[in-house]
Amino acid sequence: MDKTTVGTKENVLKTLEENRGRYVSGAELAHTLGVSRTAVWKAIAALREDGVRIDSLTGGGYRLPTDANTLSKQGIEKYLACGGLDIRVYKEADSSNNVAKSLAADGAEEGTVVVALEQFGGKGRMGRRFYSPPESGVYFSFVLRPSAAVVPYLTVLAAVAVAEGIELAGGKHTSIKWVNDVFADGKKCCGILTEAVADLECGGVEFAVVGIGINVTQPYGGFAPEIRDIATSVCDGIDDARNKVAAQVLNKFFEYYRDFDKQRVSRAYKERSFLLGREITVVKPDCELHATVKDIDDRCRLIVEYADETSEALAAGEVRLKW
């Protein structure tokens with residue numbers, strides 16, 4: 001597909017997004033975009049091939065239905081309040097983090113956002129696979145070139161942004177399980193994976209990539225059997241949910257990131273935690289220890305007390321809740 005055709009397709013989708021729910025005639029699209037009716041028809045056909053749901057009406061034109069769950073650059077930008085982002089949508093990818101890391105290594109600027117409509121190798125922490133079915137979730141990664149002061153808080157910042165963004169989009173109330181999982185209704189709805197590449201010359205970070213996967217709506221046929229009892233979605237029944245969630249999370253993330261305030265972030269994170277006062281199992285490389293969560297400090301470390309009354313501040317790792 002040549003650049004002119006690609007540009008027409010993107011502009012047609014942008015116009016339909018701006019008029020979501022209303023029929024726009026082929027003639028109006030052609031006049032607005034300065035292209036032929038044939039070019040509009042080809043763009044509509046290409047969008048449908050990409051899986052975009054477009055209604056047509058003889059004599060009435062084309063429309064995106066209000067309940068269409070299409071995720072697109074144009075749809076996300078409609079709800080964005082922050083500028084300076086370069087949103088790139090990929091029909092499929094092994095993982096959005098891998099694509100973002102490759103772009104960052106080639107010099108992509110901070111604020112490059114990679115959105116994968118489907119992932120075949122979505123990554124979670126500790127090498128786990130992140131379930132990433134098409135048409136139901138938001139899977140995206142941000143290229144960042146952070147200061148040293150922000151780096152330890154990137155995952156925390158992302159968790160807060162996800163929790164707040166879901167609710168701003170009209171979704172369920174959410175809470176955070178230390179350190180990087182967001183929950184709703186007692187089940188996981190989001191995972192976060194932060195990866196960084198060191199700059200060996202200056203001893204800092206050359207770039208970081210924050211990857212986020214959110215279960216926005218129930219996948220067709222439901223969640224895979226192995227996660228059905230532990231996973232949930234957050235915005236079922238909400239029109240244009242995926243675009244709204246993606247945009248609101250971006251809005252909150254870059255609001256916190258660009259005006260970074262350690263105390264503000266750690267306070268918001270602590271307020272969202274559902275582990276405070278709870279009994280947990282701390283998973284260590286060589287053992288598992290029972291503990292009680294006593295606090296989350298201003299560095300977002302989990303303060304735990306073990307059965308022998310000794311305490312530890314956990315900066316990273318894995319814990320399991322004793323339900």
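**Figure 1. The five-stranded open sheet of the predicted model.** In this predicted model, five strands are arranged as an open sheet in the order β13-β12-β11-β10-β14, with antiparallel pairing. Strands β13 (311-314) and β14 (318-321) form the edges, each pairing on one side only. On average, and with direction ignored, neighbouring strands of this sheet are turned by 40° against each other.

**Figure 2. Pairing of strands β12 and β13.** Four bridges link strand β12 (residues 302-306) to β13 in the antiparallel sense. Leucine 302 has leucine 314, in β13, as its bridge partner.

**Figure 3. The seven-stranded open sheet.** Seven strands make up an open sheet with mixed pairing, and their order is β3-β4-β5-β9-β8-β7-β6. At its edges are β3 (86-90) and β6 (175-177), each of which pairs on one side only. From one strand to the next, the twist averages 20°.

**Figure 4. Pairing of strands β5 and β9.** Strand β5 (residues 137-144) and strand β9 (residues 204-215) run antiparallel and are joined by eight bridges. Tyrosine 139 has glycine 213, in β9, as its bridge partner.

**Figure 5. Helix α5 against the seven-stranded sheet.** Helix α5 (residues 96-105) lies across β3, β4 (112-116), β5, β8 (187-199) and β9. Relative to β9, helix α5 runs at about 155°. Among the strands that helix α5 crosses, β3 is an edge strand of the sheet.

**Figure 6. The second largest pocket and its lining.** This pocket holds about 830 Å³ of space. Its lining consists of 29 residues, and those nearest the pocket centre are Asp50, Val52, Leu71, Val89 and Leu117. Two or more lining residues come from each of the elements α1 (3-18), α4 (73-77) and β3. Strand β3 contributes the most to the lining of the second largest pocket, with five residues.

**Figure 7. The surroundings of asparagine 251.** Asparagine 251 is located in helix α7 (residues 241-258). The relative accessible area of asparagine 251 is 11%, so the residue is classed as buried, the cut-off being under 20%. Beyond its neighbours within four places in sequence, asparagine 251 is in contact with Tyr79, Leu80, Ala81 and Cys82. One of these residues, alanine 81, has its backbone nitrogen 2.7 Å from a polar atom of the asparagine 251 side chain.

Key. Residues numbered from 1 in each chain as written. Predicted model: local features only at pLDDT ≥ 70, side-chain atom pairs only at ≥ 80, totals over all residues. Heavy atoms only, no water. Buried < 20%, exposed > 50% of the residue type's maximum accessible area, 1.4 Å probe, protein only. Polar contact = N/O pair within 3.5 Å; in protein donor to acceptor, adjacent residues only side chain to side chain. Contact = heavy atoms within 4.5 Å. Pairing = 2+ DSSP bridges. Axes fitted to C-alpha atoms, helices over the stretch in contact; angles between N-to-C directions. 1 Å grid on protein atoms, 1.4 Å probe; cavity = no way out; pocket = protein on both sides within 12 Å on 5 of 7 lines; lining within 4 Å. Points joined across faces, edges and corners; volume = space filled by probe spheres on them.
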